[in-house]
Number of protein chains: 2
Amino acid sequence: MIKNILLLMLLAVSAAGKAQQKRPNIILFLVDDLGWQDTSVPFWEETTPQNRKFHTPAMERLAKEGVKFTNAYATPVCTPTRVSLLTGMNVTAHYITNWTSPLKDNPTDAADKQFLPPHWNYNGLSPVAGVPHTVHATTFPQLLKEAGYYTIHAGKGHWASNGTPGSNPLNLGFLINITGNGAGSPQSYLGSDNYGNLPGKARWQAVPGLNEYYGSDTFLTEALTLEALKALEEPVSRKQPFFLNMSHYAVHDPFMPDKRFFQKYLDKGLDSLEAAYATLVEGMDKSLGDIMQFLKAKKIEHNTIILFMSDNGGLSNPGYRSGTSYIQNAPLRSGKGSVYEGGIREPMIVKWPGITKAGAAVKQYIIVEDFFPTILEMAGVKKYKTLQHVDGRSFVPVLKNISFTDNQRVLVWHSPNKWVQEDGPGINYFSAIRQGDWKLVYSMRSGTAQLFNIKNDIGENTDLSAANPQKTKELLNLLGMRLKNKKAPMPVDAATGMPLPYPAQ
Amino acid sequence: MIKNILLLMLLAVSAAGKAQQKRPNIILFLVDDLGWQDTSVPFWEETTPQNRKFHTPAMERLAKEGVKFTNAYATPVCTPTRVSLLTGMNVTAHYITNWTSPLKDNPTDAADKQFLPPHWNYNGLSPVAGVPHTVHATTFPQLLKEAGYYTIHAGKGHWASNGTPGSNPLNLGFLINITGNGAGSPQSYLGSDNYGNLPGKARWQAVPGLNEYYGSDTFLTEALTLEALKALEEPVSRKQPFFLNMSHYAVHDPFMPDKRFFQKYLDKGLDSLEAAYATLVEGMDKSLGDIMQFLKAKKIEHNTIILFMSDNGGLSNPGYRSGTSYIQNAPLRSGKGSVYEGGIREPMIVKWPGITKAGAAVKQYIIVEDFFPTILEMAGVKKYKTLQHVDGRSFVPVLKNISFTDNQRVLVWHSPNKWVQEDGPGINYFSAIRQGDWKLVYSMRSGTAQLFNIKNDIGENTDLSAANPQKTKELLNLLGMRLKNKKAPMPVDAATGMPLPYPAQ
């Protein structure tokens, strides 16, 4: 009898221990500006010349061990994506429709003759109420932390402008912050430049907190990885589940060569600019590999979920990459800043040991705000309160059944700002909507819409609006209603001083 | 029988829980450059005009609730003190005999005609072997962390130069680092200056990581306090014992007024420079009060030890404070940088609830490396291994018995560097030794010694060496032996290129 009771108690203790261990660790590996084709993993139905240009063996391994999403979306630029991810809100709801300045109260809109800037939240995300021009929302790292997760942010933050609480990741639910602040790019990737921290030369983009590596040949991507792994020692050693937001500055410009990989790409025949870009990609991939190796060495590989994602399409504007502009994400059209696929479709991979089917591909379209409910579901956080309505939907059902299909779901993109001085394809003052294989692209400047069948025409080359007026009208109407329901910001007509009307309303 | 077993098990569980809770939290409140008299708490036998100048109600409260040490010592400048504290090593053992530059491989010695710099560890403390010009040692925060403490560093680091691992507090045993790096002072105390992080104007001293407060009127001391309390939420919420290294930049120069307190001191008749200095002091004191209030609000006051200390004497060189130089620490002689009492005697208070006798004063002399074994003993960390020999001695016996007396103990100070261009009293190329009430001050420049009876002559005004040749010889010999045994660095004779011989050897 006593024996039985003791046994029961032991079993109970053991079960409790096991249950605690069972909560998975979660790593979100978020890359900056990585285009859909900037990897040796083919996300399209065929391997492209771009795929052959890059060398990303860790991504290949992750794709083999997990599932790749071939229709994963973000927003066209970074802050909107990052805020959608952290809050589960669509861009039409959080009103952070463009990137936020490192300096608060400083809208980043380029000047325009036709339009004045929309009334958007140019100070970004705020964890506290009453900060002007911010969205006040609950973040999932905060909910994870409250549920007992050890939450680490490493790398680029860029959720809000400096001078506001949201610029400090420690206010957004992270226990540990490595370098994150209001800046959206690094002044320098080089340890020999102190990552920009040079007396008299430091700008807003100087990367803080890596003083240990000053004057060394440690590339920024490597330094962040080392610091992230250092921070992981604590939760791993006491078996506390962790969430790591591994948020690389790479592959954002400045395109500085990572010397560890540079010669290889020069030897391959790339010019020095493209070779430099390729080294940023491979350095990022090495970080992924190092993290996967760390998980293996710590014997927590089997209980750690990895989500790989990029925040927007690859940069394709004139003056940055070599060759013709806007073709860097081919077969997709345009690039960063655009609502065409090149600006929003992302290389995404998810490995959930025991759940995802190794090497599979998921065709269901998802969007970046879906990470919010997904990650919480993965962590077993079921009942939670948020200040905001969560627009995202968990893609756990998709992970559990890769043939899961929902062609009725509506996705919306909305960029009522002038991101760059020179308009490009789908760049500056555009919205878009996708439902099933249909996608409509709306230009606020001209008030016109294009219709594409994304499945048949991934390059968005053939405008079907004239041939399908009914579908065009239907989607345009739906887009207008969505924007109106969310009271999404619209550009202001310079002539009248009034915001543009919503399309078809 | 079953009941008994269950009861025993419950008792065991409960005892374990209680034992865990019982490990005290420890806060080291370390102020920078705070002189012995820069407080309304009198550390001498009488209240001085200096005491009446400053307003430090939180220190008064802490002194009432804890014990004050009237013979507590540090080294004359910051890095040596900070390394002694973290490693338990005397300055003669760690060879970091002067402050370290924010830039590695950059000795901070001023030029001199008579001497070349000694061979000292000008890159500071290192947690890893093989870093040139560093001391490789085990830190007590590392041992606390390994023993299960949640270790937080907030504020000034300055243990090692940037570009070396020791410049990152995360490598020195801290789980959390708030602003600490290789710099020894803040570029600006003002949020409106972004603490120095102004594009094109930032210097090595720009304070990293406080971007949330950029453009605000949050004084640096306040921002650090807010961030430290934020970091404390985590261990407090899960009842993990913590160690907080609350290491203020205040009251180091630049002497910028903290507007919250400025008018009060102007009204008191202080000139604007002295009033500014007094606001740095009061801002620091407010931080102490806020932390004490936090402990009370969290109901952990009864189980939290507070150790208050400064890292060296008050700055008294020409060109910084108002009035005559070298009298700012009166009745003590000289100030920061000096081996006279004004450079090394510190305002120190310890409150250990349930142990220290409220409002008592301890006369036993102690030195900053004593904090190492003391804090480990307080935390119940008994068996530990260190790379270095620990020179410090635990002052727990003194805390338990305030009349504890050891007049045989020998303390040594050693400054073989040229700290500032202009020699001052006890400043540049001096050593000192204390045993009981006797103190000998040795000038390397002149090769001469002075002897003082510290008890009768706290101002070190009367040189007794001629009257007491035997005592002088004895202490000089002891000093020389101590230096020789530790192979302490000595200045190099510019004429011969050879290090000076140790005194009396």
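**View 1. The contact between chain A and chain B in this predicted model.** Counting heavy atoms within 4.5 Å as contact, the interface takes 37 residues from chain A and 38 residues from chain B. The area buried between the two chains is about 2800 Å², of which carbon and sulfur atoms give 60%; buried area here is the accessible area (1.4 Å probe) that two parts lose on being put together, summed over both. Between chain A and chain B, 16 residue pairs are in polar contact, with both residues at pLDDT 80 or more, where a polar contact is a pair of N or O atoms within 3.5 Å, one able to donate a hydrogen and the other to accept it within protein, and residues adjacent in sequence count only if both atoms are side-chain atoms. Salt bridges, defined as a side-chain nitrogen of Lys or Arg within 4 Å of a carboxyl oxygen of Asp or Glu, number zero across this interface. As a predicted model, it is read with local features needing pLDDT of at least 70 and side-chain atom pairs counting only at pLDDT 80 or more, while totals for chains, interfaces and linings use all residues, and side-chain values use heavy atoms, with hydrogens and water left out. Residues are numbered from 1 along each chain as its sequence is written, and chains are lettered from A and ligands numbered from 1 in the order in which they are written.

**View 2. The two-fold relation of the copies.** Superposed by least squares on the C-alpha atoms of residues with pLDDT of at least 70 in both copies, chain A can be laid on chain B with an RMSD of 0.0 Å by a turn of 180 degrees and a shift of 0.0 Å along the axis. The two copies are thus related as by a two-fold rotation axis. In chain A, the C-alpha nearest this axis belongs to Gly200(A), 2.3 Å away from it. The same surface serves both copies, since 100% of the contact residues of chain A recur in chain B.

**View 3. A salt bridge between Glu233(A) and Lys298(A).** The side chains of these two residues meet at 2.9 Å, N to O. Glu233(A) lies in helix 7 of chain A and Lys298(A) in the loop between helix 9 (272-297) and strand 9 (304-310), so the pair ties together parts that are 65 residues apart in sequence; helices (H or I, at least four residues) and strands (E, at least two) are DSSP runs, numbered from the N terminus. Over all chains, a search of the whole structure finds 56 salt bridges.

**View 4. Backbone features in loops of chain B.** The peptide bond from Asp253(B) to Pro254(B) is cis, with omega near 10 degrees, and Pro254(B) is placed in the loop between strand 8 (242-247) and helix 8 (259-267). A cis peptide bond, with omega near 15 degrees, also joins Ala330(B) to Pro331(B), the latter in the loop between strand 9 (304-310) and helix 10 (341-344) of chain B. Asn428(B), a residue other than glycine, has a positive phi, near 80 degrees, and lies in the loop between strand 13 (410-415) and strand 14 (430-435).
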